[in-house]
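User: I would like to go through this model claim by claim and hear what each description rests on. Please set every value against its criterion before drawing a conclusion.

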Amino acid sequence: MDQTVERFGIRFRNPILLAAGTCGFGEEVAEVVDLNRVGGLVTKSVTLEPRVGNPAPRVAEFRAGMLNSVGLTNPGALAVLREKLPWIRDHLAELPVFLSVAGNTLDQYVRTVEILEGGTGFVGFELNLSCPNDAKQGAFPFALDPDAVQQVVGRARSVTPRPLLVKLAPNAPVLEPVIQAAESEGADGLTLVNTLPALAFDPETRRPVLGAGPGGMSGPALLPIGVHAVWSASRLTRLPLVGVGGVASGEDALQYLLAGASLVQVGTASFWDPRAAGRVAEELRRYGVSHGIRSVAELVGAGEVGSEPTPSSRTGDEGPGASLERVGHGRG
Ligand code: RRO
């Protein structure tokens with residue numbers, strides 16, 4: 001199977017990318033992750049000023065995945081420009097690298113993109129509008145507010161010509177206005193989803209298991225939520241979609257492709273197995289070979305989802321495939 005994917009004018013050797021927040025700026029994982037086996041990488045989110053992050057513990061396991069409240073630990077835009085981007089340029093020339101950008105205010109996002117835009121070695125940006133761990137009490141991420149999305153994407157668009165992905169949240173009450181806002185302001189693609197706001201208590205101390213209290217949930221439990229978000233988005237836009245959440249195998253990645261994603265990111269699985277993303281790519285390739293698939297594009301949006309239930313479809317006596325609707329829109 002031809003694993004290459006062309007999107008945003010970029011050629012990815014395969015559709016599997018390392019997700020933001022799980023691979024630092026590349027350098028931190030270069031010894032343990034075989035970066036030649038993945039299609040690309042998204043860095044830890046960069047903010048205008050350095051962030052030390054939240055109190056420990058920052059991560060905790062639970063039976064269906066992981067909780068985190070890292071708190072955007074990063075050296076800040078200027079240090080990334082001066083110290084991280086040169087390493088990326090010198091060591092990852094063959095790998096498409098996207099810089100994740102986060103902030104609390106519109107101006108912070110825009111200044112951060114402006115500063116990083118002055119660097120080289122990376123192909124584009126992923127605007128992280130959906131970090132669950134950065135809101136002051138009562139505030140909520142940009143991705144839940146269509147007006148905020150419109151403003152930040154519009155302003156970011158005006159300061160970079162590079163591909164601009166917009167990372168959305170799994171808990172937006174409705175996706176349509178948020179997607180419309182991102183698309184109308186010139187986003188090149190959408191990444192769905194970030195972690196889902198979550199909280200777990202230690203039964204002995206009765207205190208949260210994470211130092212910061214609430215956090216974001218990721219891992220296997222997030223997979224069908226993310227797949228649903230991608231599928232929903234595929235019905236609302238023709239923008240390229242990047243699926244992320246709960247991917248630990250080739251078949252998990254396939255879920256996102258079938259739902260309409262043309263690229264898939266691996267996140268939490270890398271914490272348990274640093275080689276997970278390369279393995280996912282290989283497992284996906286083997287699936288393609290064993291199923292006679294010639295290219296990844298054939299799989300994008302190829303999932304079939306039943307349309308509105310009709311009285312006859314509820315009887316269950318029609319053959320397989322009855323009342324099925326293609327989800328793809330020729331994005332493949
Ligand atoms: O740093 C974090 O705590 C964090 C971020 Br920026 C994010 O986007 N998602 C997440 O689960 N954690």
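The exchange below takes up the overall form, the cysteines, one helix residue and some backbone features.

User: What kind of model is this, and how many helices and strands does the protein chain have?

Analyst: The model is a predicted one, and the secondary structure of its protein chain comes to nine helices and 16 strands.

User: What makes the protein chain as compact as a globular protein of that length?

Analyst: The globule rule gives 20 Å for 332 residues, and the radius of gyration of the protein chain is 19 Å, which is close to that value, so the chain is as compact as a globular protein of that length. Along its principal axes, the C-alpha trace spans about 60 × 50 × 40 Å.

User: What share of the residues counts as buried, and what share of the accessible surface belongs to carbon and sulfur atoms?

Analyst: With buried taken as under 20% relative accessible area, 52% of the 332 residues qualify. The accessible surface comes to about 14600 Å², and 52% of that area belongs to carbon and sulfur atoms.

User: Which share of the contacts joins residues at least 24 apart?

Analyst: Among contacts between residues at least 6 apart in sequence, 71% join residues at least 24 apart. As for charge, the mean positions of the 29 positive and 35 negative charges are 2 Å apart.

User: How do you know how many disulfides there are?

Analyst: A disulfide is a covalent bond between the sulfur atoms of two cysteines. The criterion applied is a pair of cysteine sulfur atoms within 2.5 Å, and by this rule the count comes to zero. Cys-23 is in no disulfide, the nearest cysteine sulfur, that of Cys-131, being 16 Å away. Seen from Cys-131, the closest cysteine sulfur is that of Cys-23, and because the separation is 16 Å, it is too far for a bond.

User: Why are Cys-23 and Cys-131 called buried or exposed, as the case may be?

Analyst: The limit for buried is under 20%; Cys-23 has a relative accessible area of 1%, and therefore is buried. Cys-131 has a relative accessibility of 16%, so this cysteine counts as buried too.

User: Where is Ile-179 found, and what is in contact with Ile-179?

Analyst: Ile-179 is found in helix α4, which covers residues 176-184. Because its relative accessibility is 1%, Ile-179 counts as buried. Leaving aside neighbours within four places in sequence, the residues in contact with Ile-179 are Leu-168, Leu-190, Ala-233, Leu-236 and Thr-237. The C-alpha atom of Leu-106, 73 residues apart from Ile-179 along the chain, is separated from that of Ile-179 by 18 Å.

User: Which residues does a peptide bond described as cis join, and what is omega there?

Analyst: Ala-56 and Pro-57 are joined by a cis peptide bond with omega about -10°, and Pro-57 is found in the loop between β4 (40-42) and β5 (59-62). The peptide bond from Leu-192 to Val-193 is also cis, with omega near 15°; Val-193 is found in the loop between β10 (189-192) and β11 (196-198).

User: What is noted about phi of Phe-8 and of Arg-206?

Analyst: Phe-8 is not a glycine, although its phi is positive at about 55°, and its place is the loop between β1 (5-7) and β2 (10-12). Arg-206, a residue other than glycine, has a positive phi near 60° and is in the loop between β11 and β12 (215-218).

User: Why is Arg-206 called buried or exposed?

Analyst: Exposed requires over 50% relative accessible area; Arg-206 is at 71% relative accessibility, and therefore counts as exposed.

Key. Residues are numbered from 1 along each chain as its sequence is written. This is a predicted model: local features need pLDDT of at least 70, side-chain atom pairs count only at pLDDT 80 or more; totals for chains, interfaces and linings use all residues. Side-chain values use heavy atoms; hydrogens and water are left out. Helices (H or I, at least four residues) and strands (E, at least two) are DSSP runs, numbered from the N terminus. The radius of gyration is taken over C-alpha atoms; the globule rule is 2.2 Å times the number of residues to the power 0.38. Buried means under 20% relative accessible area, exposed over 50%, partly exposed in between (1.4 Å probe, protein chains only). Contact means heavy atoms within 4.5 Å. Accessible areas come from the Shrake-Rupley method with a 1.4 Å probe; for residues, only the protein chains shown count as cover. Lys and Arg count as positive and Asp and Glu as negative; His and the chain ends are not counted. The place of a charge is taken as NZ of Lys, CZ of Arg, CG of Asp or CD of Glu.
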